[in-house]
Amino acid sequence: SFLIPFYLKNELFDARIIKTNQLHGSWVAIIIKYLYRCKLILRCGYFPDRKYHKNIFYFLVFKFFVKIAYLYSDKVILTSKNTLKLFSNNLNLKFHHKINILPNFIDTDLFSNNKKFIKSKTILVVSRLEKEKNLDILFEACNGLDWKINIIGIGSYENHYRKIANINNVKCNFLGVVSND
């Protein structure tokens, strides 16, 4: 990935802003910022907490690169106050002048009270299957309901979520990765 800024030089030459959508690989965006004199916006939906990582070395290296990304970014977008708290605590940040909270949203005009959807009694989840996605809450909420959940995605918590769905007697199809074709 180190070569990306050089490989895409024609596409990046006129760029004025570079934005990341996750912390992993944000160092590539830092290189682009300085090579092409862009502004850098760092976006983070979650900060992986140490208690969820078995490999302390990986976590410390990741934390180091995130701190560097924060220092070199012009703006930081976080999706919640909880993420801000984790971000600040893990990076020992005292000032938040670069940080804006911009939650993920749902377009309620597009996803509104649709009777066809309610009749189908099916919930579609498209997500990584990781702890921070909190799918346990969904399975607990569907306990005792005659609804089905279809999940598109993979991750290290798949077996955990299968077990929680089973404990809550929820009909759940784990579909894995689905092609865009």
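## Overall picture

Of the 181 residues in this protein, 35% count as buried. Please keep in mind as you browse that the model is predicted. Its secondary structure comprises eight helices and seven strands. Looking at contacts in the protein with a separation of 6 or more, 60% come from residues 24 or more positions apart.

## The parallel sheet

Let us turn to the strands. Four of them make up an open sheet, arranged in the order 1-2-3-4, and their pairing is parallel. The edges are taken by strand 1 (17-20) and strand 4 (99-101); each has a single partner strand, so one side of each is left without a neighbour in the sheet. On average, and with direction ignored, neighbouring strands of this sheet are turned by 20° against each other.

## Strand 1 and its partner

Starting from one edge, strand 1 is joined to strand 2 (residues 39-44) by four bridges, and the two run parallel. Within this pairing, lysine 19 has isoleucine 41 of strand 2 as its bridge partner.

Which residues of strand 1 lie on its covered face, and which on its uncovered one? Ile18 and Thr20 belong to the covered face, while Ile17 and Lys19 belong to the uncovered face. Lysine 19, the residue that pairs with isoleucine 41, is thus on the uncovered face of strand 1.

## Strands 3 and 4

At the other edge, strand 3 (residues 75-78) and strand 4 run parallel and are joined by three bridges. Here isoleucine 77 stands opposite asparagine 100 of strand 4.

## A buried lysine

Lysine 98 deserves a visit of its own. You will find this residue in the loop between helix 5 (81-91) and strand 4. Is lysine 98 buried or exposed? Lysine 98 is buried, yet has no salt bridge. Aspartate 74 offers the nearest side chain of opposite charge, 6.8 Å away, and a salt bridge is counted within 4 Å.

What does the side chain of lysine 98 reach at 2.8 Å? That partner is the backbone oxygen of serine 73. The backbone oxygen of leucine 71, in turn, lies 2.9 Å from a polar atom of the lysine 98 side chain.

Setting aside neighbours within four places in sequence, lysine 98 is in contact with Tyr70, Leu71, Tyr72, Ser73, Asp74, Lys75 and Val76. Leu71 and Ser73, whose backbone oxygens were described above, are among them, and so is Asp74.

Key: Residues numbered from 1 in each chain as written. Predicted model: local features only at pLDDT ≥ 70, side-chain atom pairs only at ≥ 80, totals over all residues. Heavy atoms only, no water. Pairing = 2+ DSSP bridges. Axes fitted to C-alpha atoms, helices over the stretch in contact; angles between N-to-C directions. Buried < 20%, exposed > 50% of the residue type's maximum accessible area, 1.4 Å probe, protein only. Lys, Arg positive; Asp, Glu negative; His and termini not counted. Polar contact = N/O pair within 3.5 Å; in protein donor to acceptor, adjacent residues only side chain to side chain. Contact = heavy atoms within 4.5 Å.
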